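Here are my notes on the model you sent over, as a few numbered points. Have the viewer open while you read.

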Amino acid sequence: CLPQFQGCARMLAGEGAGADVVSAGEIHLAIKAGFPPEKIVFAGVGKREDEIEYALSRNVFSLNVESIQELQLISLVALRLNTKARVSLRINPDVDAESHPYISTGLKHNKFGIDAAHALEAFQMAATMQAIDVVGIHTHIGSQITRVEPFVNTAKFIVDLLNKLRDQKISLSRIDMG
């Protein structure tokens with residue numbers, strides 16, 4: 001880890017910022033830099049079981065869930081640790097970011113997140129899991145987006161989904177637009 005990065009991370013942590021991390025190593029570095037675990041979100045695809053265990057044992061704020069299989073794995077690890085895992089489900093809203101296709105992540109054919117068509121059932125499933133506390137929804141439609149319309153369309157999708165979740169008595173406290 002570069003000394004310049006460590007200093008910058010410590011400064012941000014000191015100002016109350018949170019950290020978005022994608023590995024157990026980054027969780028370790030974030031905590032070492034002064035980010036309190038309750039301000040750390042564990043995102044990223046392909047979380048290994050040992051990384052999930054590390055995140056839960058460090059009591060990070062939440063884990064962004066990429067798939068039903070990952071949700072089930074997080075639940076099993078949390079049950080084994082006799083804890084509850086706070087999660088946000090990453091939903092792929094099938095929204096065109098209108099940017100370069102190599103950095104687009106929000107269309108149905110992209111591999112990231114839970115398909116929009118299965119979002120409601122994913123939240124329903126998560127809400128019934130003993131070791132899971134569903135706290136939010138996460139989306140990320142891509143990078144280098146130059147128009148506001150993709151964000152508006154994503155926000156409309158999220159509002160519609162939130163209304164459906166409320167009808168199911170599932171309430172969330174966090175929305176992460178990526």
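**Notes on the predicted model**

1. Let's start with a charged residue: Glu 70 is found in helix α4. Keep in mind throughout that this is a predicted model. Is Glu 70 buried or exposed? Its relative accessibility is 8%, and since the cut-off for buried is under 20%, Glu 70 counts as buried. Beyond its neighbours within four places in sequence, Glu 70 is in contact with Gly 44, Gly 46, Lys 47, Asn 64 and Val 65.

2. Two of those contacts take us to strand β3. Asn 64 and Val 65 belong to β3, which spans residues 62-65. The strand is covered on both faces: Ser 62 and Asn 64 are buried on one side, and Leu 63 and Val 65 are buried on the other.

3. Now for the neighbours of β3. Strand β2 (residues 40-42) pairs with β3 in the parallel sense, over two bridges, and here Val 41 stands opposite Ser 62. Strand β4 (residues 85-92) also pairs with β3 in the parallel sense, over three bridges. Which residue of β4 is the bridge partner of Leu 63? That would be Val 87.

4. On to the connections. β2, helix α3 (residues 49-57) and β3 form a β-α-β unit that is right-handed. From β3 the chain then crosses through helix α4 (residues 68-81) to β4, and this β-α-β crossover is right-handed too. Glu 70 from point 1 sits in that connecting helix, α4.

5. Next, the nonpolar interior. The largest nonpolar core has 42 residues, and the ones that touch the most other members are Val 87, Leu 89, Ile 91, Phe 123 and Ile 132. Which helix gives the most to this core? It is α6 (residues 149-167), with five residues. If you want one residue to click on, try Leu 89: not counting residues up to four places away in sequence, Leu 89 touches Val 65, Leu 71, Ile 114, Ala 122, Phe 123, Ala 126, Gly 136, Ile 137 and His 138.

6. As for charge pairs, side chains of opposite charge can pair when their charged atoms come close. The count of salt bridges here comes to eight. One of them joins Arg 80 and Glu 53, at 2.6 Å from N to O. Arg 80 lies in helix α4 and Glu 53 in helix α3, so this pair ties together parts that are 27 residues apart in sequence. Both ends are partly exposed, Arg 80 with a relative accessible area of 47% and Glu 53 with 31%.

7. Another salt bridge links the side chains of Asp 50 and Arg 48, at 2.9 Å from N to O. Asp 50 is partly exposed at a relative accessible area of 46%, and Arg 48 is partly exposed at 46% as well. What else belongs to the salt-bridge network of Arg 48 and Asp 50? Glu 51 does.

8. Last one: Arg 147 forms a salt bridge with Glu 149, and their closest N and O atoms are 3.1 Å apart. Arg 147 counts as partly exposed at 40% relative accessibility, and Glu 149 is partly exposed with a relative accessible area of 34%. Glu 149 is also where helix α6 (residues 149-167) begins, the helix from point 5.

Key. Residues numbered from 1 in each chain as written. Predicted model: local features only at pLDDT ≥ 70, side-chain atom pairs only at ≥ 80, totals over all residues. Heavy atoms only, no water. Buried < 20%, exposed > 50% of the residue type's maximum accessible area, 1.4 Å probe, protein only. Helix = DSSP H or I, 4+ residues; strand = E, 2+ residues; numbered from the N terminus. Pairing = 2+ DSSP bridges. Right-handed = clockwise from strand over helix to strand, strands pointing away. Core = buried A, V, L, I, M, F, W, Y, C linked by side-chain atoms within 4.5 Å. Contact = heavy atoms within 4.5 Å. Salt bridge = Lys/Arg side-chain N within 4 Å of Asp/Glu carboxyl O.
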